[in-house]
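Reader: I am new to reading protein models, and I would like to learn how the words used for them are justified. Could we go through this one slowly, setting each value against its cut-off?

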Amino acid sequence: MANAWDPTTVQVADYVTSRTVSAATPGDDTPLGDFTADTYPTGDQVNRIIQGSSSWVSAEAGSIDTTLYDLATTVAALHAAAMVELTYPERNADVSVVAERLLDEAHRHLETLTRANAGIGQSGPDAVSMI
C-alpha cells in the first residue's frame, strides 16, 4: 500500500546518482538523476524497493504524523538507496561500504522519526497505549 510520504525514484537517486546512468548510451556516464527503463536497476525495480523500504519505516515507526512526512520520506529514500546498492552491485566502488553508510544514516533518521512520532502521540512498536 502506498503512503503519502513514499519517496520517488528521483529522491532515491539523489543518494545514489551514479546508479542512474543510461545503459542505452554506452560510454556516456552522465547520470540522469532518475531511474528509468534504461538504467540498472530500472525505475520499476526501484519502485518495488521503495515499497519495501516504506513498509520497513511503517513497521518501525507506526502511523506517521503528517508533520513528519518529510522525515519519513528521507528515511525510506536512504533505506531504498542502500538496498539498490546491495541488490544491484554493479560498480567499481566498494558497494558494501556505500550501502553500510546509507543504512547507518537511515537508522539514525529512523530513530529521530520514531521519537518524534511518539512525542506527537502516534503509535510505534514500542509506544505505550494510552487507553
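Author: The protein has 4 helices and 0 strands, and along the sequence they follow the pattern α-α-α-α. Please keep in mind that this is a predicted model.

Reader: How do you know that the length of helix α3 agrees with what is expected?

Author: Helix α3 covers residues 69-87, and at 1.5 Å a residue its 19 residues should span 27 Å. The C-alpha atoms at its ends are 26 Å apart, and therefore the two values agree.

Reader: Why is T73 called buried?

Author: T73, which is found in helix α3, has a relative accessibility of 11%. The word buried applies under 20%, so T73 with its 11% counts as buried.

Reader: Which residues is T73 in contact with, once its neighbours within four places in sequence are left aside?

Author: They are W5, P7 and Q11. With W5 there is also a polar link to describe, since the side chain of T73 reaches the backbone oxygen of W5 at 2.5 Å, and the cut-off for a polar contact is 3.5 Å.

Reader: What makes A81 buried?

Author: A81 is also found in helix α3, and its relative accessibility is 0%. Because that value is under the cut-off of 20%, A81 counts as buried. Leaving aside neighbours within four places in sequence, A81 is in contact with V12, Y15, V16 and L102. A81 and R19 are 62 residues apart in sequence, while their C-alpha atoms are 9.6 Å apart in space.

Reader: Which other residues of α3 are buried?

Author: Among them are A72, V75, A76, A77 and L78, and further along H79, V84 and E85 are buried as well. Over the protein, buried residues make up 37% of the 131 residues.

Reader: What makes the bond from Y40 to P41 worth a look?

Author: The peptide bond from Y40 to P41 is cis, with omega near 5°, whereas most peptide bonds are trans. P41 is found in the loop between α1 (9-13) and α2 (43-61).

Reader: How confident is the predictor, and where is the mean pLDDT lowest among the elements?

Author: The mean pLDDT of the protein is 87, and 87% of its residues reach 70 or more. Among the elements, helix α4 (residues 95-120) has the lowest mean, 84, and α1 the highest, 98. Over residues 126-131 the pLDDT is below 50, and this stretch has 1 contact beyond near neighbours in sequence. Where pLDDT is low, the predicted coordinates should not be read in detail.

Terms used: Residues numbered from 1 in each chain as written. Predicted model: local features only at pLDDT ≥ 70, side-chain atom pairs only at ≥ 80, totals over all residues. Heavy atoms only, no water. Helix = DSSP H or I, 4+ residues; strand = E, 2+ residues; numbered from the N terminus. Expected span 1.5 Å × (residues − 1). Buried < 20%, exposed > 50% of the residue type's maximum accessible area, 1.4 Å probe, protein only. pLDDT = per-residue confidence, 0-100. Contact = heavy atoms within 4.5 Å. Polar contact = N/O pair within 3.5 Å; in protein donor to acceptor, adjacent residues only side chain to side chain.
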